[in-house]
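Reader: I have a new structure open and would like to talk through part of it. Can you take my questions as they come?

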Amino acid sequence: MARAPVAATATVRRTAARAGRALHALARRRPGRRRSPVPELAARQNPYARALGLLCVVLLGAWLGLLAVGDVRVPVGPMNTTMTLRPSLTGGTKINISPLGALELRSHEAPLRLDVDVDRLDPERSQALVEHPERLAGLQDEVVRDVEHGTLDLAVRSCIAVVSGAAALGLAVYRRPRRALAAGGLALCLLAASGATAFATWNPKSVLEPKYSGLLASAPSLVGDARSIVSEFDVYQKELARLVTNVTKLYDVTSTLPVYRPDPTTIRVLHVSDIHLNPASWKIIASLVEQYAIDVIVDSGDTMDHGSAAENGFLDPIPDLGAPYVWVRGNHDSRETQRYLERLKNVHVLDDGRAATVAGLRFAGIGDPQFTPDRAVATGGDAAEGLAGARLASALRDQRAAGTPVDIAVAHEPLAARGTDGEVPLVLAGHLHHEEMEVMKYGTRLRVEGSTGGSGLRAVEGRYPDPIEASVLYFDRDTRRLQAWDEIKLGGLGLTTAEISRHLPEGNRP
């Protein structure tokens with residue numbers, strides 16, 4: 001009876017030995033021969049995690065490839081430029097003119113942005129143009145050919161850079177040629193999809209609305225830091241006005257794009273608002289009047305801060321600004337402020353829907369019904385503003401019935417301005433301390449101006465100073481309709497950045 005377990009044990013040993021020899025032989029088989037499937041002991045990796053990892057490798061590798069070799073040096077006319085593709089969430093084209101600033105165009109919407117750096121102006125080619133002005137006639141065609149050649153070269157180089165970068169990083173991470181090739185192929189597909197998106201969203205009219213930005217690097221040494229501005233405020237406001245002049249000249253001289261160009265008969269209106277007792281505003285306004293040959297200035301209110309009689313002397317520079325001044329009362333301007341302005345030369349105060357023709361345009365306006373610095377009087381809120389807008393709209397209808405239609409209405413509060421919808425082509429407002437533009441339901445265009453005083457005494461309440469904003473509106477003298485406008489934005493107290501953006505209304509795109 002004891003011999004049965006011994007036999008069973010011997011049988012188990014022989015079976016285990018045979019299994020071990022079989023596994024050993026399987027392990028020593030040649031790589032090229034087909035192997036029998038072996039059960040996997042470890043769980044397979046999640047396919048979504050693998051795909052996400054591959055996508056991250058592709059994006060990182062493509063970006064590194066573009067950084068390494070994805071730029072092209074191209075001569076464009078008399079300039080030497082460098083063209084580069086960069087990952088971007090908004091797309092578009094950015095032309096860097098160091099150290100003067102940059103020109104931004106909303107040319108397309110894709111995850112790629114085209115950067116064009118103007119490296120230098122070639123002295124020999126520039127001198128040749130000066131000595132042979134007849135060559136200027138063909139300069140535009142030459143520039144177009146140069147840009148087309150550079151763009152094609154950039155596209156080819158970018159494809160190579162993206163595929164190489166993704167494949168190299170895939171090989172380094174996965175150490176498998178198939179994975180590396182898959183990463184390169186996926187990178188090429190993503191670049192092709194981005195190119196197709198850019199082509200589908202290509203906007204050739206973007207050159208009509210360029211955005212210029214620049215930084216006057218030497219200004220801190222001329223003006224001083226924020227602490228010295230208090231003691232040298234006169235120097236600061238002169239330098240800020242000079243910044244406006246220089247940026248305007250630069251914008252005018254370097255703008256060779258096919259934008260709207262006002263002819264000498266165009267009526268130019270400077271819209272300002274919410275100066276809030278900032279004396280630097282008068283220097284800036286005078287500079288803009290001179291540079292843009294302004295015909296009339298429109299102030300949509302809040303020129304003062306408390307509306308007291310002691311502040312009235314602040315208004316004395318207005319007659320010397322170089323253009324007629326149209327004004328409506330804001331919620332920080334008192335009746336005393338209004339009476340003082342009515343006595344100044346070259347000032348047209350509009351209230352209760354009164355109309356006046358200035359520089360070939362007919363204006364009508366209404367003062368803000370509320371004076372918020374007076375805490376003893378309860379304000380009427382939105383209801384009061386709505387009533388003021390209705391009164392202004394009624395006055396506009398009366399003007400039209402009398403055969404003297406109004407071209408531009410002016411109110412301080414946008415809520416009151418909205419009451420004129422359908423009664424006038426354009427209404428100007430302020431109060432919000434930032435710029436807005438919209439065409440309302442019945443066709444009236446509402447233009448809200450930012451703070452031309454950088455919000456005055458409130459400039460330093462936030463983390464950053466409020467910008468100083470104004471705009472130049474261009475009107476056709478015959479139709480008296482808006483043709484284009486320039487938005488001008490300066491860095492606030494102690495800052496020296498400047499932006500000028502050209503805009504065209506729909507239906508007026510040359």
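Reader: In what sense do strands β13 and β14 pair?

Author: Strand β13 (residues 408-410) pairs with β14 in the parallel sense, over three bridges. Two strands pair if DSSP finds at least two bridges between them. Strands are DSSP E runs of at least two residues and helices are H or I runs of at least four, numbered from the N terminus.

Reader: What stands opposite alanine 409?

Author: Valine 427 in β14.

Reader: Where do these numbers come from?

Author: This is a predicted model, where local features need pLDDT of at least 70, side-chain atom pairs count only at pLDDT 80 or more, and totals for chains, interfaces and linings use all residues. Residues are numbered from 1 along each chain as its sequence is written, and side-chain values use heavy atoms, leaving out hydrogens and water.

Reader: Back to β14: how many bridges join it to β16?

Author: Four, and β14 and β16 (residues 445-448) run parallel. Leucine 428 has arginine 447 of β16 as its bridge partner.

Reader: And the faces of β14, covered or not covered?

Author: Both are covered: Leu426 and Leu428 on one side, Val427 and Ala429 on the other, are all buried (under 20% relative accessible area, 1.4 Å probe, protein chains only).

Reader: What is the strand order in the sheet?

Author: The order is β11-β12-β13-β14-β16-β15, an open sheet of six strands with mixed pairing. β11 (355-358) and β15 (436-439) each have a single partner strand, so one side of each lacks a neighbour in the sheet.

How values were computed: Buried means under 20% relative accessible area, exposed over 50%, partly exposed in between (1.4 Å probe, protein chains only).
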